[in-house]
Amino acid sequence: MGILLDGMAINPAEMTADMMAALPPDNVESMDVTAADIAAIPPAAMGGMTADMMSAMPAHAMGGMDADMMSACPSDAMGGMDADMMTAMPPEAMGGMDADMMSAMPADAMGGMGPNHMEAMPAEAMGGMDADMMSAMPPECMCGMDADMMANMPPEAMGGMDAPMMANMPPDCVDAISEAQMVEMPTEVAGMMDDDGGMGALGDALDPGPMDDMAAPMDPAADALSGAMDAAQIQGGDSAPADAAAMDQAAAGVEEVDAAEVEEASEAPATPDEPIV
């Protein structure tokens with residue numbers, strides 16, 4: 001059927017902003033407007049678009065939008081967008097968005113975004129985001145973010161982040177998160193950040209960390225044996241042998257060796273070897 005105004009068919013290429021503004025929303029809803037019809041409309045004509053008209057458009061018709069058409073739309077017209085329309089819109093059309101347009105968009109419309117939509121958005125458009133809009137986005141959208149987009153995001157918008165969204169975010173984007181943004185993040189998500197502002201949680205979860213004592217503790221018998229040998233060495237020097245009885249007791253599992261026995265063994269001076277005649 002195409003586009004009708006006052007019962008008359010209109011060539012989309014001849015549309016103007018005034019003609020667009022004169023279209024009753026219910027007429028738009030009843031018309032079989034196609035993506036080709038929308039694509040033929042001059043960008044300037046989109047200046048007559050309203051939120052009611054936008055919501056009346058079939059979702060598939062958004063396939064005809066481009067960045068120039070989006071940038072010509074009044075900001076409040078974005079109030080008529082929904083998730084299906086967002087999904088049908090070519091990613092490059094998001095290049096016409098600005099912060100005011102983003103802030104006018106219903107939160108649930110963000111559910112139709114993909115990584116390519118996100119990547120095509122101007123960084124300053126992220127200034128229109130809020131926590132509800134962020135939480136409505138599919139986690140994989142975060143793959144399209146970069147450091148400049150993060151720098152433009154209001155801190156309070158970070159309240160809509162969750163762990164899967166953080167896990168999908170490129171490292172340079174994570175590194176751009178400010179202290180003010182981090183404060184607004186849910187506790188469990190902020191805990192994924194390391195001291196340098198990067199993603200340390202996943203690595204920490206996989207790394208058991210240093211152990212205080214990597215060596216297995218010595219059993220009591222071995223400990224006592226070692227003690228007896230050390231005491232004999234201290235008293236008599238490296239050449240002084242430990243008392244055999246003390247060594248036998250230690251090896252048998254006696255936890256404490258009588259120090260007197262060790263001392264007694266060490267009192268006898270070492271006798272030098274007699275010279276061979």
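A residue counts as buried when its relative accessible area is under 20%. By that yardstick, 36% of the 277 residues of the protein chain are buried in this predicted model. The chain exposes about 14,500 Å², and carbon and sulfur atoms supply 53% of that area. Its secondary structure consists of 18 helices and 2 strands. Among contacts between residues at least 6 apart in sequence, 71% join residues at least 24 apart.

Before turning to single residues, it helps to ask how confident the prediction is. The average pLDDT of the protein chain is 79, and 66% of the residues score at least 70. Over residues 211-216, however, the pLDDT is below 50, and this stretch has 0 contacts in the model beyond near neighbours in sequence. Residues 238-242 also have a pLDDT under 50, although the model gives them 7 contacts beyond four places in sequence. Where pLDDT is low, the predicted coordinates should not be read in detail.

Two residues illustrate how parts of the chain that are apart in sequence are placed in space. Pro12 sits in the loop between strand S2 (8-10) and helix H1 (17-22). With a relative accessible area of 12%, Pro12 falls under the 20% cut-off and is therefore buried. Its C-alpha atom is 8.5 Å from that of Ala39, a residue 27 places away in sequence.

Met86 belongs to helix H6, which spans residues 83-88. Because its relative accessible area is 0%, Met86 is buried as well. What surrounds this residue? Beyond its neighbours within four places in sequence, Met86 is in contact with Met81, Met94, Met105, Ala109, Met110, Gly112, Met113 and His117. One of these partners, His117, lies 31 residues from Met86 along the chain, and the C-alpha atoms of the two are separated by 8.8 Å.

The model also contains empty space inside the protein. How many cavities of 30 Å³ or more does the structure hold? There is 1 such cavity. The largest cavity has a volume of about 70 Å³. Its lining is made up of 11 residues, and those nearest its centre are Met20, Leu23, Val28, Ile38 and Met57. What is the character of this lining, nonpolar, polar or charged? The residues divide into 11 nonpolar, no polar and no charged.

Technical notes
Residues numbered from 1 in each chain as written. Predicted model: local features only at pLDDT ≥ 70, side-chain atom pairs only at ≥ 80, totals over all residues. Heavy atoms only, no water. 1 Å grid on protein atoms, 1.4 Å probe; cavity = no way out; pocket = protein on both sides within 12 Å on 5 of 7 lines; lining within 4 Å. Points joined across faces, edges and corners; volume = space filled by probe spheres on them. Nonpolar A, V, L, I, M, F, W, Y, C, P; charged D, E, K, R; others polar. Helix = DSSP H or I, 4+ residues; strand = E, 2+ residues; numbered from the N terminus. Buried < 20%, exposed > 50% of the residue type's maximum accessible area, 1.4 Å probe, protein only. Contact = heavy atoms within 4.5 Å. Areas by Shrake-Rupley, 256 points an atom, 1.4 Å probe, with all protein chains shown as cover. pLDDT = per-residue confidence, 0-100.
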